[in-house]
Amino acid sequence: MKAIEIKSFGGPEGLAVVDLPAPLPAAGQVLISVEAVGVGGVDTLIRSGALASYGFTEGFVPGGEVAGTVTAVGDGVEGSWIGRRVWGSPGAGGGYAEQAVASAERVVPLPADLSAVDAVTLGSAGSVAHFALAHAHFVPGETVLVRGASGSLGLMTVQLAARGGAAAVAVTTSSAERGERLRALGATHVLDRSGNGNDHGNGSADAPAGYDVIIDIVAGADLPAFFVRLNPNGRLVAVGMVGGQPPADFGTKLMAAFRSSLTFATFSLDTVDEADLRAERSAQFAAAGRGGLEAVVHEVLPLDEAVAAHRKMDAGEVFGRIVLIP
């Protein structure tokens, strides 16, 4: 089968099209004939070598979410899965391929009115956004800032916060044009990347002075500066680090605001029960099929154009999700 492999860590040119043996489903797994693959920020981090200390090596096949049709099952899995359209997570990788295996616990049936492309745009990002807001103890009436809102995770967080009754949903983004697109999804205030409203205007001068919840997808060197944008008892939850690791001393900013009782936390889906993940994904897929959630697709490319997809990701050109089609 055709697959994309990381031949060498570094830039997108380190990705290569290879021929690999088709995987076989082990006990508890299903084999999926892949129709669509979501390209995520974590894929670019793995490809760059930034996560090598976590055990990723050259020769790795990226891709953490796919959609397609189940063609075979391993021992212990009901045969009724065969022939069903599903969203599935192969884990940290294995999805950039014509066929992929996934644990049956990490497979969700797709409604007939949801495309494979939309499924991989929503599946991972939507569940991270939902459970990150829960991790932040967000409740209706609170103010929310989404830092780095133009990717699929940020877009879903904006939609869910707005639909969850936030008093305000501010976003940081790189341009006024992106800001207007974010407003259409539920953002109420559009800020520049530093969290200021002056560059993008359009009423953002009246943005809240502080926020009850900040969902941070960027991290990086500027993360500590956002602690001062939290209200007393405010919570900042880091769900990604597309901007790299924060400074080693970032906690000093938090301690400097000791009397404000601020909270910093990280969040990973690895800490969520699989049954809860399946239930939430099923609910979001159904909502998207009804038009209640929007899957924002930046571009659909053939699988063998993975290098181009990663170049767009690295350049910050992507609004929504790039999807690869085998």
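A residue counts as buried when its relative accessible area is under 20%. In this predicted model, strand S8, which covers residues 143-147, is a good place to start with that idea. Five of the five residues in S8 are buried, so by that cut-off the strand is mostly covered.

The side chains of S8 go two ways. Thr143, Leu145 and Arg147 point to one side of the strand, while Val144 and Val146 point to the other, and all of them are buried. That fits a general pattern: side chains in a regular strand alternate between the two faces of the sheet.

S8 also has partners. Strand S9, residues 168-172, runs parallel to S8 and is joined to it by five bridges. Within this pairing, Leu145 sits opposite Ala170 of S9. Getting from one strand to the other involves a helix: S8, helix H3 (residues 152-163) and S9 together make up a right-handed β-α-β unit. Strand S11, residues 211-216, is joined to S8 as well, this time by four bridges, and those two strands run parallel too. Here Val144 is the residue that faces Val213 in S11.

From S11 the pairing carries on. S11 and strand S12 pair in the parallel sense over five bridges, with Ile214 standing opposite Leu236 of S12. S12 is in turn joined to S13 by four bridges, and this pair is again parallel. Ala238 has Thr266 in S13 as its bridge partner. The chain gets from S12 to S13 by way of helix H5, in a β-α-β crossover that is right-handed.

Helix H3 turns up again when the inside of the model is searched for empty space. The search gives one cavity of 30 Å³ or more. The largest cavity holds about 40 Å³ of space. Its lining is made of Thr121, Leu122, Ser152, Leu155, Met156, Gln159, Glu294, Ala295 and Val296. Two elements, helix H2 (116-135) and H3, each give two or more residues to that lining. H3 gives the most, with four residues. Sorted by kind, the lining residues of the largest cavity come out as five nonpolar, three polar and one charged.

Next come the aromatic rings. Such a pair of rings is described by how far apart the centres are and by the angle of the planes. The whole structure contains four aromatic pairs. One of them is formed by Phe56 and Phe60, with 5.1 Å from centre to centre and 75 degrees between the planes, an edge-to-face arrangement. Phe56 and Phe60 are both buried. Phe250 and Phe264 make another pair: the ring centres are 5.1 Å apart and the planes meet at 65 degrees, which is over the 60 needed, so this pair is edge-to-face. The pair of Phe250 and Phe264 links distant parts of the chain, 14 residues apart. Phe250 belongs to the loop between strand S12 (230-238) and helix H5 (251-256), whereas Phe264 is in strand S13 (residues 263-266). Phe264 has a relative accessible area of 24%, and because that lies between 20% and 50%, the residue is partly exposed. Phe227 joins Phe250 and Phe264 in one aromatic cluster.

A few spots in the loops are also worth a look. Most residues other than glycine have a negative phi. His137 goes the other way, with a positive phi near 60 degrees even though the residue is not glycine. His137 lies in the loop between H2 and S8. The relative accessible area of His137 is 59%, and since exposed means over 50%, His137 is exposed. Ser261 is not a glycine either, yet has a positive phi of about 55 degrees. This serine, Ser261, is found in the loop between H5 and S13. With a relative accessible area of 43%, Ser261 falls between the two cut-offs and is therefore partly exposed.

Ala27 is placed in the loop between strand S2 (15-19) and strand S3 (29-39). Its relative accessibility is 62%, which is over 50%, so Ala27 counts as exposed. The C-alpha atom of Ala27 is 4.4 Å from that of Asp75, although 48 residues separate the two along the chain.

Definitions and conventions: Residues are numbered from 1 along each chain as its sequence is written. This is a predicted model: local features need pLDDT of at least 70, side-chain atom pairs count only at pLDDT 80 or more; totals for chains, interfaces and linings use all residues. Side-chain values use heavy atoms; hydrogens and water are left out. Buried means under 20% relative accessible area, exposed over 50%, partly exposed in between (1.4 Å probe, protein chains only). Two strands pair if DSSP finds at least two bridges between them. A crossover is right-handed if, with the strands pointing away from the viewer, the path from the first strand over the helix to the second runs clockwise. On a 1 Å grid over the protein atoms alone, a cavity is a set of points where a 1.4 Å probe fits but cannot get out, and a pocket is an open set with protein on both sides within 12 Å along at least five of seven lines; lining residues have an atom within 4 Å of a point. Grid points are joined across faces, edges and corners, and a volume is the space filled by probe spheres set on the points. Ala, Val, Leu, Ile, Met, Phe, Trp, Tyr, Cys and Pro count as nonpolar, Asp, Glu, Lys and Arg as charged, and the others, Gly among them, as polar. Rings of Phe, Tyr and Trp (its six-membered ring) pair if their centres lie within 6.5 Å; planes under 30 degrees apart count as stacked, over 60 as edge-to-face and the rest as tilted.
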